[in-house]
Amino acid sequence: MSATFKYQPTGLHGWGAPRSSSRNLARFFSMRFACNSRHHKILHASVSHPSSLSISHDSSTETESTLILIRHGESLWNEKNLFTGCCDVPLTKRGVEEAIEAGKRISYIPVDMIFTSALIRAQMTAMLAMTQHHQEKVPIIIHNESERATAWTQVYSEKTTKQSIPVITAWQLNERMYGELQGLNKQETAERYGKEKVHEWRRSFDIPPPKGESLEMCSQRAVAYFKDFIEPQLKSGKHVMVAAHGNSLRSIIMYLDRLTSQEVTSLELSTGIPLLYIYKDEKFNSRGSPVGPTEAGVYAYTQL
């Protein structure tokens, strides 16, 4: 018998999802893995059994969820100082090392679901990070792009699904689309168009490069996806990791931290450095970057 499970919006034991008019996203509601998640009380972590952190499910219990944000590790075009945008470029050796180090930092933070962009550098970062996780569950990318893809990636073992973590890919989490700048050298572009103009394209909130997206445009799609797809999971008690890009993550952080358009333009995110948020009482509380890989170092950030 195949391990097929219906995708229940915001259910405690399924993966929540937003309403969507997209045919592919609608197909996403029928999934092939059961999320064997539990509600975790972060402050009461067990040193000897980190993967079994749990609390009783009584009405007096307040649920805390963790949100991990990771910008992908260094890509081959980062290394070459090229505008990458939505071009699909893999990680460098250094980027691989950054992803593994990020995994060590979050190795004791529970993860029930992973969301990544549709780009390989974010997906590589998420997968490599999870190789260091103490849950020792296998991240599996959900393929829902066609009925055949759904059928052919079916899992036929209940035991295996319980040892797996679903990875949801979404183009809405992609890097900002840089239009006619994609593939160009950043220094040469500054010399061609002028440093002030290129700085305006890169750091303003609402001015896009030629045939590209502004940060505001990127923010509209990334934040809408976060609100509809990811936030319901946190509300239901799931622990979520998001591996994405500098501008899509800046957009999400703008929403989480209630930054102004002026403040977000000066926000810098390093490659491969995880950021931790605690979701409680419908509020996001930033805990900075986990110092890991020791459990004590990670959970020190959960003190309120």
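I checked for disulfides before anything else, and this structure holds zero of them. Cys86 is in none, and its nearest cysteine sulfur, that of Cys87, sits 7.7 Å off. Note to self: this is a predicted model.

I then went at that cysteine pair from the other side. From the sulfur of Cys87, the closest cysteine sulfur is the one in Cys86, and 7.7 Å is too far for a bond because a disulfide needs the sulfurs within 2.5 Å. I looked up accessibility too: Cys86 comes out partly exposed at 28%, and Cys87 is partly exposed at 22%.

Next, Arg176. I found it in the loop between strand 6 (164-170) and helix 7 (186-193). What does a buried Arg176 have by way of a salt bridge? None: the nearest side chain of opposite charge is Glu213, 6.3 Å away, and a salt bridge has to be within 4 Å. I did find the Arg176 side chain reaching the backbone oxygen of Trp201 at 2.3 Å. Leaving out residues up to four places away in sequence, I get a contact list for Arg176 that includes Cys86, Trp201, Glu213, Cys218, Arg221 and Asn247. So Cys86 turns up again here, as a contact of Arg176.

Last stop, Leu234. I placed it in helix 9 (residues 215-235). Leu234 has a relative accessible area of 1%, so I have it down as buried. Its C-alpha is 8.3 Å from that of Glu64, though the two are 170 residues apart along the chain. Beyond four places in sequence, Leu234 touches Ser65, Thr66, Leu67, Phe226, Val240, Tyr279 and Phe284.

Conventions
Residues are numbered from 1 along each chain as its sequence is written. This is a predicted model: local features need pLDDT of at least 70, side-chain atom pairs count only at pLDDT 80 or more; totals for chains, interfaces and linings use all residues. Side-chain values use heavy atoms; hydrogens and water are left out. Helices (H or I, at least four residues) and strands (E, at least two) are DSSP runs, numbered from the N terminus. Buried means under 20% relative accessible area, exposed over 50%, partly exposed in between (1.4 Å probe, protein chains only). Lys and Arg count as positive and Asp and Glu as negative; His and the chain ends are not counted. A polar contact is a pair of N or O atoms within 3.5 Å; within protein, one must be able to donate a hydrogen and the other to accept it, and residues adjacent in sequence count only if both atoms are side-chain atoms. Contact means heavy atoms within 4.5 Å.
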